[in-house]
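Student: Before we talk about open spaces and contacts, could you put the coordinates up, so that I can ask how each label is earned?

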Amino acid sequence: MGVAVEIDGLTKSFGAQTVWSDVSFTLPAGEISVLLGPSGTGKSVFLKTLVGLFRPDRGTIHIDGEEITSLHERELYRVRRRLGVLFQDGALFGSMNLYDNIAFPLREHTRKTEAEIRAIVNDRLDLVGMSGDGEKFPGEISGGMRKRAGLARALVLDPELILCDEPDSGLDPVRTAFLGELIAELNRTTGATFLIVTHDINTAKTLPDHIGMLYLRRLVAFAPREEILASDDPVLRQFLAADMDGPIGMAEEKDAVGNGKGETLPEEQYRGEHREDA
Ligand SMILES: Nc1ncnc2c1ncn2[C@@H]1O[C@H](COP(=O)(O)OP(=O)(O)O)[C@@H](O)[C@H]1O
Ligand SMILES: [Mg+2]
């Protein structure tokens with residue numbers, strides 16, 4: 001079954017650069033949430049912070065009630081065992097075939113026999129439509145197949161929380177639709193909680209229960225899908241319509257940030273709106 005993730009006041013910087021600050025929302029247990037945001041707004045950093053790869057400067061993350069930002073590496077390891085992560089690039093080991101890539105978490109985290117491992121790996125390969133592809137190497141398959149293999153690997157430990165970073169980038173519209181259907185099916189059958197970063201508007205409009213959006217170093221919204229789709233917020237409207245006209249520009253640093261003349265920063269305008277706890 002899925003676990004809830006409560007994020008409170010989360011802030012992350014690299015040196016002087018704040019990626020995002022004061023992010024607070026709850027991923028509801030067993031539901032699918034989508035995280036949107038222009039490129040470079042820190043979506044990948046956010047997912048990596050949730051799995052403890054980055055430590056936030058401030059704030060807390062409770063996964064199934066357990067605060068994880070202050071855990072030691074060994075304790076994090078135990079928490080990570082409950083999570084499945086599909087990184088943006090698939091993050092498969094190039095030197096291993098797909099079978100060994102997918103078996104890796106089982107060999108790393110469990111004491112299962114090779115026969116038990118084989119049954120699980122073959123099941124997950126089948127699930128993502130890749131039965132028979134175990135012998136192939138990441139370098140000899142398409143980007144879409146690498147994503148599906150990465151998803152198969154994310155599923156081997158029966159995770160209660162599944163994080164997917166742009167699982168559909170580089171896929172054609174038909175395969176993107178199939179992938180969305182696969183995620184919905186996994187959510188129905190396993191009850192796992194999902195957080196999916198995507199740029200695919202169609203996915204965002206159909207798949208999730210909740211939608212969140214990062215923009216200008218803030219979480220500008222996190223709310224039920226229908227509420228977001230009906231929102232008047234100019235940033236949300238522009239993003240969901242893929243419209244060139246609006247506050248979002250070509251480069252994030254040119255977007256309407258404060259000009260040092262004491263005017264209200266757009267991020268202050270957006271702060272807290274649509275927030276679940278607002
Ligand atoms: N390991 C790192 N060290 C320093 N800066 C980083 C690191 N990882 C990401 N960043 C910076 O954080 C910002 C957000 O990156 P990212 O999360 O990849 O954006 P997105 O996934 O939304 O496109 C970028 O400015 C990026 O350069
Ligand atoms: Mg990213």
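Student: What makes the lining of the largest pocket divide as it does into nonpolar, polar and charged residues?

Tutor: The lining of the largest pocket divides into 13 nonpolar, 2 polar and 4 charged residues, and the division follows from a fixed list, in which Ala, Val, Leu, Ile, Met, Phe, Trp, Tyr, Cys and Pro count as nonpolar, Asp, Glu, Lys and Arg as charged, and the others, Gly among them, as polar. Keep in mind that this is a predicted model, where local features need pLDDT of at least 70 and side-chain atom pairs count only at pLDDT 80 or more, while totals for chains, interfaces and linings use all residues. Residues are numbered from 1 along each chain as its sequence is written, chains are lettered from A and ligands numbered from 1 in the order in which they are written, and side-chain values use heavy atoms, with hydrogens and water left out.

Student: Why is this space called a pocket and not a cavity?

Tutor: On a 1 Å grid over the protein atoms alone, a cavity is a set of points where a 1.4 Å probe fits but cannot get out, whereas a pocket is an open set with protein on both sides within 12 Å along at least five of seven lines, and lining residues have an atom within 4 Å of a point. The largest pocket has a volume of about 540 Å³, where a volume is the space filled by probe spheres set on the points, and grid points are joined across faces, edges and corners. Its lining has 19 residues, of which Arg80, Val85, Phe87, Pro105 and His109 lie nearest its centre.

Student: Which element gives the most to that lining?

Tutor: Helix H3 does, with 4 residues; helices and strands here are DSSP runs numbered from the N terminus, with H or I over at least four residues for a helix and E over at least two for a strand. Helix H2 (73–80), strand S6 (83–86), helix H3 (98–109) and helix H5 (143–154) each supply at least two residues of this lining.

Student: What is the volume of the second largest pocket, and which residues are closest to its centre?

Tutor: The second largest pocket has a volume of about 260 Å³, and of its 17 lining residues, Thr176, Ala177, Asp200, Asn202 and Thr203 are the closest to its centre. Helix H6 gives the most to this lining, with 6 residues, and by class the lining holds 5 nonpolar, 7 polar and 5 charged residues.

Student: Why does Thr203 count as buried?

Tutor: Thr203, which lies in helix H7, has 7% relative accessibility and therefore counts as buried, since buried means under 20% relative accessible area, exposed over 50%, and partly exposed in between (1.4 Å probe, protein chains only).

Student: And why is Ala91 put in another class, partly exposed?

Tutor: Ala91, in the loop between S6 and H3, has 30% relative accessibility, so it counts as partly exposed.

Student: How do you know that the side chains of Thr203 and Asp200 make a polar contact?

Tutor: The contact between these two side chains is 2.7 Å, to be set against a cut-off that asks for a pair of N or O atoms within 3.5 Å; within protein, one must be able to donate a hydrogen and the other to accept it, and residues adjacent in sequence count only if both atoms are side-chain atoms.

Student: What polar atoms of the protein lie by the oxygen atoms of ligand 1?

Tutor: An N or O atom in the side chain of Gln17 is 2.9 Å from an oxygen atom of ligand 1, a polar side-chain atom of Lys43 lies 2.7 Å from an oxygen atom of the ligand, and a backbone N or O atom of Val45 lies 2.9 Å from one. The largest share of the shell around ligand 1, 3 residues, comes from helix H1.

Student: What makes you say that helix H1 is mostly covered?

Tutor: In H1 (residues 43–50), 7 of its 8 residues are buried, including Lys43 and Val45.

Student: How many cavities does the search find, and what lines the largest?

Tutor: A search of the whole structure finds 3 cavities of 30 Å³ or more. The largest cavity has a volume of about 40 Å³, and residues that line it include Thr49, Gly52 and Phe54.
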